[in-house]
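Biologist: I'd like to learn how to read a model like this one, feature by feature. Can you walk me through it?

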Amino acid sequence: IEEAAAEQVKNNILVEDARTGLSVDALKRAISNNLFYVQGKYPEIATRNDYFMAISYAVRDRMLQRWTSSVRQYISGKNKIVSYLSAEYLLGPHLANNLINLDIYSQMEQAVKELGFSLDWLIDKEVEPGLGNGGLGRLAACYMDSLASLEVPAIGYGIRYQFGIFEQAISDGWQVEDTDNWLRRGNPWEIARREISYDVKLGGHVQRYIDEKGKLINNWIPGWVVKGVAYDTPILGYKVNTANTLRLWKSEAPRTFDFQSFNAGEYSNAVNQKIICENISKVLYPNDEQIEGKKLRLQQQYFFVSCSLQDMINIHLRSGDKIENFYEKFVVQLNDTHPSIGIAEMMRLLLDVHRMEWDDAWKVTTKTFAYTNHTLLPEALETWDLELFASVLPRHLDIIYEINKRFLVDVTLKFFGNHQKIDSLSLIGEGRRKYIKMANLASVGSFAINGVASLHTELLKKTVLKDWYEFSPEKFSNKTNGVTPRRWMVLSNPQLTKLITSKIGDTWIKHLEELKGLEKYAEDPEFQQAWMEVKLEQKKKLTRKIHGTLGMIVNPESLFDIQVKRIHEYKRQHLNVLHIITLYNRIKRNPDIDIVPRTFIFAGKSAPGYRKAKLIIKLINAVGKVVNNDPDVKDRLKVVFYPNYNVTNAQKIYPAADLSEQISTAGKEASGTGNMKLSLNGALTVGTLDGANVEIRECVGEENFFLFGLTADEVEKTKSEGYRPWEYYKNNKYLREVIDQINDGYFSQLDQLIFKELTDSLLYDDQFMVLADYQSYVEIQDKIDEAFRDKSNWARMSILNTARMGKFSSDRSIREYCNEIWKVESVPVELIDPSKTS
Ligand code: NBX
């Protein structure tokens, strides 16, 4: 529009007025206005969701000056921008988090109260965006929070799945899945930027010819084209002016696509094509740590990565800079290999669109990307069948071949005659069918490679990326994961936040190491009592939640023993179950036995196609049914499977934990982050030396951590010497009794077949060393019982756990990424008055 008009409009935007003011009165007016003017509702007929929308819009209004100011400053400034590429973001609900980060929680609480509602009631109404599976997606969300809180310019790029992770219900003890229609009531936090969109080519073939200047041209003629439309969500930092952008792409049919079909009268064909385009961002794949190799998944990965790179290049060029300097404006972090096709796509954009020479393009690319690995499980390393890959991305296949050809020349020079090395480093795998190895593509195209906990990084260097480490050791470093204390303490545990703050002030929220200041109160009986009162309060709240959801009554004074995470054999929920049955058998043998009452709480989703994980869920529920209803138990043991584990439910569970179960087979869990949140909230850990457990134990002190089980080295050694799980079964009468009960149908109304697949795999294969660790696990659990009886000592250990968790803030992780990999600095944002922009 004309400048004069823009001037008029600008002069009429007030950032601190009845619309955006922060006083209680201003908030009340804003909510009422929103209800009437945005939603066209009278208060009398407005639903709870209408009120939720009104309050959310009122909050979003108050974020917009920060957001626009941040974006403006980043794009025009000389600063570098971090671009986080992730196929998943498990954000959790926004409302309470935004109130906390804006620092208007108490005003809003008051405003809503004066309008006659409770803020909690509205907060509980929010449907969370479940755009991730588990730890990897949640880590991306914590990192977005820390980037903004540390005032680091960043954009998170991903996919706006119409359906996120499925909703889990339990029926007759089995997991059943329902679709997650999270957008059905609208999403007040996002802004659709219809004008920001990119075309993405798919399929087809490559035409090669020599142009008039004698240059080889690769012309990709696509089979079809989809359009990606940007949907932006502001990510506010804690009590700072920074609001970064999470930009998620939705797939649509391009404007031009249907002309020919329409003209040919093929209306339904054209509509079909539209549906095929929209399918790309339709649904999140619900598998973690297991690859499915589906064409649609590759299309999803390429779709969001291509849109994101086109967007970054666009932002860079618009600032007047040259494409050759791209890596000075953006550094791109790959959240696992899911976005690693970006390396080939960057090459394609530089070569085919921006007409750069290979060497120059490769230089830009390899100065841009960095790769984080999240898994050691060989079955989780992504590969793509070469033919399938070629059918989606023919031009990228050429490019990957060319990268590989040049790379293998270097490899041959370094490891002359070593064919094993060449095979292992090649981007192409050769078996019955050829395939592309995405971890190799990510590794060759990145200037930095990192693992997510110290042990994990060491194991990476020794196992799955060994040859890469030998080829370029300088690329490798460790970046131990972290979690945001804003969501995982301030928001989810306000009572503990208050107690901590009463002793050490509130600066720990941004400098978590300051929790150290609590150490000196660990022995103080008064503080111990206050500490345990908060814990009991949280346990009572969860008790009410369990009653409301499952109709079960549990004893809040009992030891809350908590294992919440995705269900997977390597995470060994079934080891926990073997222990529960062991305790149950002790009671059956001696009903008057003096044992510590425990409530075992499980929660987590299984991949829908992962049979053994689903069987583990059934086993937990089957054992629960017997144990919970046996009068001999006298309510001393309770087994709870809390359904539909997600961020919302996690926030209610962590604060109530006494004991945190981190019992994966050593060497299998890359890091874990639930372990951090639980310990931060004062739970003691029972765990193996795996992932970040190792570092948690170092920090909290070995005397405040319950260690058991084989080490990663011992697991390997035991396996190489020929592990025979059957021997453990044969030689341990308690273990034998437990397994026999499961097999004989004690927990399944005498059905002896139901759990056979599970028990057979334990007895005859036991990849995850459940039987090998059983005895050590039971013994440490007995020590835990003894420890729990000494209330004051338990309180002391609990306080010390929290006090010593400072290292595990995602702020620390992000600082390390900034200093050691990204080389970016914080850029404090100056709020711009819209009426004074030019
Ligand atoms: O990433 C997890 C690891 O298992 C955890 O140990 C670690 O703490 C966390 C963050 O670093 N990995 C994970 O959650 N993976 C997935 O969710 C996943 C999703 C899709 C996929 C493969 C893995 N194709």
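Biologist: Let's start with a single residue: in which loop is Met-769 found?

Modeller: Keep in mind that this is a predicted model. To place a residue, look at the elements on either side of it. Met-769 sits in the loop between helix H32 (756-764) and helix H33 (770-789).

Biologist: What is the sign of phi at Met-769?

Modeller: Here's the general idea: most residues other than glycine have a negative phi. Met-769 has a positive phi of about 55 degrees although it is not a glycine. Asp-103 also deserves a look, with a positive phi of about 65 degrees, and it is not a glycine either. Asp-103 lies in the loop between helix H5 (95-102) and helix H6 (105-114).

Biologist: Are those residues buried or exposed?

Modeller: For this you count C-beta atoms around the residue; 20 or more within 10 Å means buried, and 12 or fewer means exposed. Met-769 has 25 C-beta neighbours inside 10 Å, so it counts as buried. Asp-103 has 12, so it counts as exposed.

Biologist: And what does the count say about Arg-586?

Modeller: Arg-586 has 13 other C-beta atoms within 10 Å, so it is partly exposed. Its place is in helix H24 (residues 573-589). Leaving out neighbours within four places in sequence, Arg-586 is in contact with Ile-593 and Ile-595.

Biologist: How far is Arg-586 from Met-347 in space?

Modeller: Always hold sequence separation and spatial separation side by side. Arg-586 and Met-347 are 239 residues apart in sequence, and their C-alpha atoms are 64 Å apart. Try another pair: Ser-306 and Glu-458 are 152 residues apart along the chain, with 33 Å between their C-alpha atoms.

Biologist: Where is Ser-306, and what does it touch?

Modeller: Ser-306 is in helix H11 (residues 295-318). Not counting residues up to four places away in sequence, it touches Val-200 and Glu-345. With 25 other C-beta atoms within 10 Å, Ser-306 is buried.

Biologist: Zooming out, how do I read the chain as a whole?

Modeller: Begin with the inventory: the chain has 35 helices and 24 strands. Then check the overall dimensions. A compact globule of 838 residues would have a radius of gyration near 28 Å, and the chain agrees, because it has 28 Å. Along the principal axes, the C-alpha atoms fill a box of roughly 90 × 75 × 60 Å. Of the 838 residues, 48% count as buried. Finally, take the contacts between residues at least 6 apart in sequence: 77% of them join residues at least 24 apart.

Biologist: Which domains does the assignment give?

Modeller: A domain can be made of several segments, which you read as a list of ranges. Here, domain 1 is 77-93 + 128-480 + 822-836, and domain 2 is 510-719 + 726-736 + 772-808. Their C-alpha centres lie 36 Å apart. The contact between them takes 39 residues from domain 1 and 32 residues from domain 2.

Biologist: Which elements give two or more residues to the domain 1 side?

Modeller: Those are helix H8 (135-149), strand S5 (167-171), strand S6 (174-178) and helix H19 (454-462). By class, that side of domain 1 has 16 nonpolar, 17 polar and six charged residues.

Biologist: Where does the ligand lie relative to the domains?

Modeller: Ask who supplies the surrounding shell. Domain 1 and domain 2 both give residues to the shell around the ligand, so it lies between them. Of the 20 residues around the ligand, Gly-135, Leu-136, Asp-288, Ala-670 and Ser-671 come nearest. The shell is made of six nonpolar, 11 polar and three charged residues.

Biologist: Which residue does UniProt list as a modified residue?

Modeller: Treat a record as something to set beside the model. An unreviewed UniProt entry lists Lys-677 for "modified residue: N6-(pyridoxal phosphate)lysine". In the model, Lys-677 is found in helix H27 (residues 674-680).

Biologist: Why does Lys-677 count as buried, and what is it in contact with?

Modeller: Lys-677 is buried because 30 other C-beta atoms lie within 10 Å. Leaving aside neighbours within four places in sequence, Lys-677 is in contact with Val-483, Trp-488 and Tyr-654.

Key. Residues numbered from 1 in each chain as written. Predicted model: local features only at pLDDT ≥ 70, side-chain atom pairs only at ≥ 80, totals over all residues. Near = placed C-beta within 6 Å. Nonpolar A, V, L, I, M, F, W, Y, C, P; charged D, E, K, R; others polar. Domains from an automatic or database assignment. UniProt positions renumbered as here; feature names shortened; annotations may be inferred. Helix = DSSP H or I, 4+ residues; strand = E, 2+ residues; numbered from the N terminus. Contact = placed C-beta atoms within 7 Å. Rg over C-alpha atoms; globule rule 2.2 N^0.38 Å.
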